[in-house]
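Hi there,

Here is the structure I promised to pass on. Have a look at it first, and then read my notes below with it open beside you.

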Amino acid sequence: MTPPDAPAIDLFAQEPFRGERRRLPLDPGAVLLGGFAADIASDLIAHIHAIAAAAPFRHLEVPGGGRMSVAMTNCGPLGWVSDRRGYRYAATDPLSGAPWPAMPPALLALAQRAAAEAGFEGFVPDACLINRYAPGARLSLHQDRDEAGMDAPIVSVSLGASAVFLWGGQRRGDRAGRYPVHHGDVIVWGGPARMTFHGVAPLPAAASHPLTGACRFNLTFRRAGPARST
């Protein structure tokens, strides 16, 4: 079980990739890999802009009414969508009717390397959710439960402005630890941690990064459909 209160860390003063943050266990099956994607982060951001040119960011409607504060888009064979009918994966962008942009090889390779580093060999994601956080945007504690591939891990990549990742327990009411995530950090969770509640605290008003300004991008790789036979 995650400690209820992780140590408080200054998001902007701490050197992000030193010491234990290179590999920080969160729970059995879950690990934060500090700076794992830092060396290719600029290329990843360029890919995000290209994807968004084909499938623009949008604030999805949620089943209970209202819209998500986080703007999002997708790439890969499947994309996550939400509206009054519920949450689901779809092969086409509901805004255009066209297939989602292909997942760039660099993104796929990163997801597979990170999964393997965390002990999940053979990960083949078919969906990459791309979230864009502006100051004040947040993601409430939730479980990722819309995927057919529940035996596959989740790989989450942070780019741009720093944020606080919330890592809870197996019940919504469990207290969540707070873990700063910086540009290039990757979090992987699967196995016994696959259904852990998690989220992102509101992005601070002072959020900033030289490559993204006041925004934070997050890439979340999942296997949404059934495993492919080989």
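**What I found**

The side chain of H183 comes within 2.8 Å of a backbone atom, the nitrogen of G160. Keep in mind as you read that this is a predicted model. Where along the chain does H183 lie? You'll find H183 in the loop between β10 and β11, with β11 covering 186–189. Is H183 buried or exposed? H183 counts as buried because its relative accessible area is 14%, and the cut-off for buried is under 20%.

Next, the strands. Strands of a sheet pair through backbone hydrogen bonds, and they can do that either parallel or antiparallel. In this model, 4 strands make an open sheet, and if you walk across it the order is β7-β12-β9-β10, with antiparallel pairing. At the edges are β7 (139–142) and β10 (177–181), each of which pairs on one side only. On average, neighbouring strands of this sheet are turned by 20° against each other, ignoring direction.

Let's zoom in on β7. Its antiparallel neighbour β12 (residues 198–200) is joined to it by 2 bridges. Look for L139 here: its bridge partner in β12 is V200.

There's also a nice hairpin to look at, made by β1 and β2 with 2 residues between them. In its turn, G29 has a positive phi of about 90°. How many bridges join β1 (residues 24–27) to β2 (residues 30–33)? There are 3, and these two strands run antiparallel. One pair to find on screen is L24 with its bridge partner L32 in β2.

Finally, the pockets. The largest pocket has a volume of about 620 Å³. Its lining has 36 residues, and those nearest the centre are M68, W80, L139, S140 and H142. So L139, the bridge partner of V200, turns up again here. Which elements give two or more residues to this lining? They are β6 (127–133), β7, β8 (154–160), β11, β12 and β13 (216–222). By type, the lining of the largest pocket has 16 nonpolar, 11 polar and 9 charged residues.

The second largest pocket holds about 230 Å³ of space. It is lined by 14 residues, with G122, F123, V124, R223 and A227 nearest its centre. That lining splits into 8 nonpolar, 1 polar and 5 charged residues.

Have fun exploring!

Terms used. Residues numbered from 1 in each chain as written. Predicted model: local features only at pLDDT ≥ 70, side-chain atom pairs only at ≥ 80, totals over all residues. Heavy atoms only, no water. Pairing = 2+ DSSP bridges. Axes fitted to C-alpha atoms, helices over the stretch in contact; angles between N-to-C directions. Buried < 20%, exposed > 50% of the residue type's maximum accessible area, 1.4 Å probe, protein only. Polar contact = N/O pair within 3.5 Å; in protein donor to acceptor, adjacent residues only side chain to side chain. 1 Å grid on protein atoms, 1.4 Å probe; cavity = no way out; pocket = protein on both sides within 12 Å on 5 of 7 lines; lining within 4 Å. Points joined across faces, edges and corners; volume = space filled by probe spheres on them. Nonpolar A, V, L, I, M, F, W, Y, C, P; charged D, E, K, R; others polar.
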